[in-house]
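The report below moves from single residues to the whole chain, and it is best read with the structure open alongside.

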Amino acid sequence: MLEAADNPLLPVYAPPDEVFTRGEGVWLFTDDERRYLDFISGIAVNALGHAHPKLVAALTEQAGKLWHLSNMFRIEGQEKLAAQYVAHTFADRVFFTNSGTEAIECALKMARRYHYANGQPERIEIIGFSGSFHGRSYAAVNASGNAGYLEGFGPPLPGYRQLPFGDHDALKAAIGSQTAAILLEPVQGEGGCRAIPEICLRELRALCDAAGALLIFDEVQCGAGRTGKLFAHQWAGIAPDIMAVAKGVGGGFPMGACLASNEAAKGMVRGVHGTTFGGNPLAMAVGFAVFEELTRPQFLEHVRDMSNQLGQSLEGLKDRHPGYVLEVRGKGLLRGLRLSADPKPVQIAARGLGLLVGVAGENVLRLAPPLIVQEAHIAKAVETLDAALSAARSA
Ligand SMILES: *Cc1c(COP(=O)(O)O)cnc(C)c1O
């Protein structure tokens, strides 16, 4: 590896020194074979862990057949996978992308096109919430409104506004004849692992219906089985009009999708949107194998069992570190510990003890283990976190 000063990469990230060269299940290994328990999974991406035999087989088999066609031809794997999504969700239509950001772009464009198709082109406003994260394209950073991601990139785009998280009155006042859509993550990831109460999701649905606005869920991080349902909003018993997914649905192969009802998708006619790589045969082969695993009998039950164990153990950590661990947040296997101080020292201490975790907004330590995690892994991770919390606090 290069010395930092010789590294030609754009320095927008500051990774630690460890270099991982191999993964297996919930474990990552460095080049010198040191083993780490992976409780961040490439930010909720490696849903089935590393080097899952079924995914490796799906990818290598497809690699010997056909890599790329572009969407100027029919792609068998797309039609096959889209049919699965349609059968298991609210959606009638699917557009495949390479990333979560692109799925969000498609969702936002679709929402505006819907109103355009209805003869209301003035309905362009997208209402989002503080603490949200939707990706890094211009539209995505404008939709989330995070000042740190907008600064220095020119004037904000028109048609985006953010409301304070949880302020129902502000939302009722804001939604109206200009509103194209409300956009939110049923469980915020980046912003601090905050789960939106199910009752609020149902209220949002009703508000959108009353105002003729579309409801867009960003399930890029909280979808793909992470909360113990295939998609997080399914806990609330309501459905969005449009949903962006990515991260876990590809299990580590770059892929995302924008899912929609027929009605919401009605403006997306030939030529109005496109992608070269989106839905490529390699991504579709892996995406299909991931989908088969996620929908296998008992798989989501396992996720719910592990979620309960993790949630309870984290509450235990809160009791053991009063005044330091303030709150256990999140849902399923997307969990956060809100600390009274910067979580980075805990993250670093945990890594020193062989456990990889993430951080999120509002002083939150973020956990997102692979969904195949077992009881013993959770016990070990929590024990390690306990030690890391003690070490970081007394440092
Ligand atoms: C990661 C993420 C995105 C962006 O996805 P990329 O694949 O990085 O483009 C969008 N929304 C949410 C909720 C995310 O967590």
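## Phe 90 and its surroundings

Phe 90 sits in the loop between α3 and β4 (93-97). The model is a predicted one, and in it Phe 90 has a relative accessible area of 19%, under the 20% limit, and therefore counts as buried. Setting aside neighbours within four places in sequence, Phe 90 is in contact with His 233, with the run Ala 239, Pro 240, Asp 241, Ile 242 and Met 243, and with Leu 259, Ala 260 and Ser 261. The C-alpha atoms of Phe 90 and Gln 234 are separated by 9.6 Å, although these residues are 144 residues apart along the chain.

## Aromatic pairs

How many aromatic pairs does a search of the whole structure find? The search finds five. Two of them are set out here.

| Pair | Centre to centre | Angle between planes | Arrangement |
|---|---|---|---|
| Tyr 85 and Phe 291 | 4.9 Å | 75° | edge-to-face |
| Phe 133 and Tyr 149 | 5.8 Å | 80° | edge-to-face |

The pair of Tyr 85 and Phe 291 links distant parts of the chain, with Tyr 85 in helix α3 (residues 76-88) and Phe 291 in helix α9 (residues 281-294), 206 residues apart. Both Tyr 85 and Phe 291 are buried. Ring pairs also join Tyr 85 and Phe 291 with Phe 96 and Phe 231 into a cluster.

In the pair of Phe 133 and Tyr 149 the partners are 16 residues apart, with Phe 133 in the loop between β5 (125-129) and α5 (138-144) and Tyr 149 in helix α6 (residues 147-150). Phe 133 has a relative accessible area of 15% and so is buried.

## Asn 142 in helix α5

Asn 142 is found in helix α5. Is this residue buried or exposed? At 6% relative accessibility, Asn 142 counts as buried. Beyond the residues up to four places away in sequence, Asn 142 touches Leu 150, Pro 156, Leu 157, Tyr 160 and Gln 162. Phe 165, by contrast, is 23 residues from Asn 142 in sequence and 16 Å away in space, C-alpha to C-alpha.

## Two positive phi angles

Most residues other than glycine have a negative phi. Ala 51, however, has a positive phi near 55°, and this residue is placed in the loop between α1 (41-44) and α2 (53-63). Asn 363 likewise has a positive phi, of about 60°, although it is not a glycine. Asn 363 lies in the loop between β14 (358-360) and β15 (364-367), and with a relative accessible area of 31% this residue is partly exposed.

## The whole protein

These local details belong to a protein that has twelve helices and 15 strands. For 395 residues, a compact globule would have a radius of gyration near 21 Å, and the protein, with 21 Å, agrees with this. Taken along the principal axes, the C-alpha atoms fill a box of roughly 60 × 55 × 50 Å.

Of the 395 residues, 51% count as buried, and among contacts with a separation of 6 or more, 73% involve residues 24 or more positions apart. The accessible surface comes to about 17800 Å², of which carbon and sulfur atoms contribute 54%. The protein carries 36 positive and 41 negative charges, and the mean positions of these two sets are 4 Å apart.

Technical notes. Residues numbered from 1 in each chain as written. Predicted model: local features only at pLDDT ≥ 70, side-chain atom pairs only at ≥ 80, totals over all residues. Heavy atoms only, no water. Helix = DSSP H or I, 4+ residues; strand = E, 2+ residues; numbered from the N terminus. Rg over C-alpha atoms; globule rule 2.2 N^0.38 Å. Buried < 20%, exposed > 50% of the residue type's maximum accessible area, 1.4 Å probe, protein only. Contact = heavy atoms within 4.5 Å. Areas by Shrake-Rupley, 256 points an atom, 1.4 Å probe, with all protein chains shown as cover. Lys, Arg positive; Asp, Glu negative; His and termini not counted. Charge placed at Lys NZ, Arg CZ, Asp CG, Glu CD. Phe/Tyr/Trp six-rings, centres within 6.5 Å; stacked < 30°, edge-to-face > 60°.
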